[in-house]
Amino acid sequence: MLKFNLLIFGDTGWGDEMLFSCIMTILVSLSAMGLGVFIAIFTAWAKISGNIVLKIIANFYTTVIRGVPELLVIYLIFFGSSAGIMYISKIFGYYGYIEFNAFTMGTISIGIISAAYSTEVFRGAYNIIDRGQIEAARALGLSKINTFIKILTPQILKHALPGLGNVWQITLKDTALISVTGLVEIMRQSRVAANVTHSPLTFYLTAAVLYLILTSFSSKAFNKLEDYSNKNQVKA
Amino acid sequence: MDIQLIINNFFSILQGLDETLILIFLSLILGFFISIPFALARVSSIKILSQSIYYYIFVIRGTPLLVQIYLIYFGLGSIKAVRDSFLWVLLKEPFWCGVIALVINTVAYTTEIFRGGIQSVNKGQIESCESLGMSKFTMYFRIILPCAFRQALPAYGNEIILMVKATSLISLTTYMEMTGIARSIMYKTFAPVEAFIAAGSIYLFLNFLVVQLIKFLEWKYNPHLRIKT
């Protein structure tokens, strides 16, 4: 049933492979989260800027991404991009099969999903900030860029931190879905190992434990960060 | 992009709608009724009860749904004792594995939502129940739970949307619901964009309906918040 000797390190066990896949999961999550936050800065700005066209585009993007299953988004981006590139390459006379690197496509698809959630987090954090602060900055003669960097960004980050922690947990768990595209992260590795050794219970339990370790450690880390960012607040 | 192909795909994927809807309704209804005692246990003063529910929620919320589905579908089936027991009647079917995984998953999230609702009930209400001499049972089912559910409605709406999206993962256990059909269409036609846009629009519409339903329920059960005209 449970065969823990399969999990030893070295040639006979899958321990080292599982560890490498765990590092791959962390790398994909980190880069997807980074990409997501980067996109979210622009979409959140599009939502709060007065421009009606930008607002409609950003609203459409977040509504669609949050309303459609993650698996479909990943399929669409992964297979759709390779179909799109092949269509373009046919115009230039190349008829072969092209597929993007699984890591890049995984990062992009998870990043696009996580950006939709981060957008709402940033927008909410911006709305909390007192309008008087922006007016005060303008009264002091700060330029728009200075107001954004010195007044708004630190406060937005502080208010967005708990929400970003949630988005990070979602992103981390969503990376399990890119296993369907063949990237060797925890889920893919445990699926391969389970099929080879015929002991699915061992490897899926290992995968669950690895994810649990990752999520619980990162929630601890986010709690620490929140304590750090709230240290100016008077404790009750 | 081929509009005609999208329309054709739309109607073939629509045939998987009832499979998806059965998954959603079954797991949500079962999850709802299991979550109520779980949430009461979570707020109870019996330490071992609330602690065990806490660890259950911690484990389920800390692992991806896909791991849970694979554990139940592939993992449990590999145990010989399970294959010999009566459980095998359920566990050999991808449908029931999917329902079990979805229920286990949604119960963890819904319990946490209901706990928040129960704890938000005003202390004064509980005190007045006690002073009126209500039994514990009446107090919970007449006062606390209705208030808690009203408070939890927006969060519960989000959970329903998450469940609608989660059913697409059941396609990975060979159960042919909408995502499964869309994937097989993609392999047949080699046109991924058309297949997944058709499937995505149906999910989007389902979630739109959920949002409207939750809005209506919030309006119905919060008459004191309505703007008087």
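A pocket, as I shall use the word, is an open set of grid points where a 1.4 Å probe fits, with protein on both sides within 12 Å along at least five of seven lines, and its lining residues have an atom within 4 Å of a point. Please bear in mind that this is a predicted model.

With that term in hand, let me turn to the second largest pocket, whose volume is about 670 Å³. Its lining comprises 22 residues. Nearest the centre of this pocket lie Trp45(A), Ile48(A), Tyr126(A), Phe148(A) and Leu152(A). Four helices of chain A each give two or more residues to the lining: helix 1 (15-48), helix 4 (102-128), helix 5 (131-139) and helix 6 (144-174).

I now move to chain B. Which secondary structure does chain B contain, and how many elements of each kind? There are eleven helices and zero strands. Read from the N terminus, the order of elements in chain B is accordingly α-α-α-α-α-α-α-α-α-α-α. The C-alpha trace of this chain spans about 70 × 60 × 25 Å along its principal axes.

As to the packing of chain B, 46% of its 229 residues are buried. Among contacts with a separation of 6 or more, 78% join residues 24 or more positions apart.

Finally, the surface and the charges. Chain B exposes about 11,900 Å², and carbon and sulfur atoms supply 68% of that area. The chain carries 18 positive and 12 negative side chains. How far apart do the centres of these two sets lie? The separation between the centres is 9 Å.

Methods
Residues are numbered from 1 along each chain as its sequence is written. Chains are lettered from A and ligands numbered from 1 in the order in which they are written. This is a predicted model: local features need pLDDT of at least 70, side-chain atom pairs count only at pLDDT 80 or more; totals for chains, interfaces and linings use all residues. Side-chain values use heavy atoms; hydrogens and water are left out. Buried means under 20% relative accessible area, exposed over 50%, partly exposed in between (1.4 Å probe, protein chains only). Contact means heavy atoms within 4.5 Å. Accessible areas come from the Shrake-Rupley method with a 1.4 Å probe; for residues, only the protein chains shown count as cover. Lys and Arg count as positive and Asp and Glu as negative; His and the chain ends are not counted. The place of a charge is taken as NZ of Lys, CZ of Arg, CG of Asp or CD of Glu. On a 1 Å grid over the protein atoms alone, a cavity is a set of points where a 1.4 Å probe fits but cannot get out, and a pocket is an open set with protein on both sides within 12 Å along at least five of seven lines; lining residues have an atom within 4 Å of a point. Grid points are joined across faces, edges and corners, and a volume is the space filled by probe spheres set on the points.
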